[in-house]
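Here are some short exercises on a ligand site and the fold around it. Have a go at each one before you read its solution.

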Amino acid sequence: MPDTVFILNGPNLNLLGTREPHIYGTATLADIEGDCRSLASRLGLAIVFRQSNHEGDLVDWLHEAHAEGARAVLLNAGAYTHTSIALHDAIKSISVPVIEVHLSDPDTREPFRHLSYVGMAAADCVKGLGRRSYLVALERAAAL
Ligand code: CA2
């Protein structure tokens, strides 16, 4: 699947659009998936779009993206960004480039969000653009 981009979303992102709109916007994850599907079809890319609240699912899906020969992974690991050495190691263990994605800019928020284990292993990062972060990251994936 060389023209496939996996877009993986971590904990609590299934509830987007319901709380904290001043930080995350009003779009739901389904809205963001729709944005990504429209852009992907214009770019000639297929996408696999998933969300899980479980760290191991995200690890398994990174391995799957590698096994399937995906072009890239867009990963919004949610709070696991700041805690997960397992995700860090999974990113390092695959040859598929991973682009870290965030709706908000964690660097301008609480200090505990300033450390990113995902970012230490990822090839690139797009953050702070709200739902548009995903589209900018998808365009970068298409250019890889
Ligand atoms: O800005 C981002 O995209 C984050 O990855 C979102 C995570 C946060 O832990 C990261 O530091 C930055 C949190 C997602 C929480 O999702 C919510 C969904 C509905 C209502 C409130 C939060």
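**Exercise 1.** Find which pocket the ligand takes up.

*Solution.* The ligand occupies the largest pocket. On a 1 Å grid over the protein atoms alone, a pocket is an open set of points where a 1.4 Å probe fits, with protein on both sides within 12 Å along at least five of seven lines. A molecule sits in it if more than half of its atoms lie within 2 Å of its grid points.

Before going on, note that this is a predicted model, in which local features need pLDDT of at least 70 and side-chain atom pairs pLDDT 80 or more, while totals for chains, interfaces and linings use all residues. Numbering starts from 1 along each chain as its sequence is written, and side-chain values use heavy atoms, without hydrogens and water.

**Exercise 2.** Identify side chains in polar contact (N or O atoms within 3.5 Å) with ligand oxygens.

*Solution.* Start with serine 104, whose side chain has an N or O atom 2.5 Å from a ligand oxygen. Next, asparagine 76 places a polar side-chain atom 2.8 Å from a ligand oxygen. Then take arginine 113, where the distance is 2.9 Å.

**Exercise 3.** Describe the protein's secondary structure.

*Solution.* Count the DSSP runs: 5 helices (H or I, at least four residues) and 5 strands (E, at least two). Along the sequence, they follow β-α-α-β-α-β-α-β-β-α.

Notes. A polar contact is a pair of N or O atoms within 3.5 Å; within protein, one must be able to donate a hydrogen and the other to accept it, and residues adjacent in sequence count only if both atoms are side-chain atoms. On a 1 Å grid over the protein atoms alone, a cavity is a set of points where a 1.4 Å probe fits but cannot get out, and a pocket is an open set with protein on both sides within 12 Å along at least five of seven lines; lining residues have an atom within 4 Å of a point.
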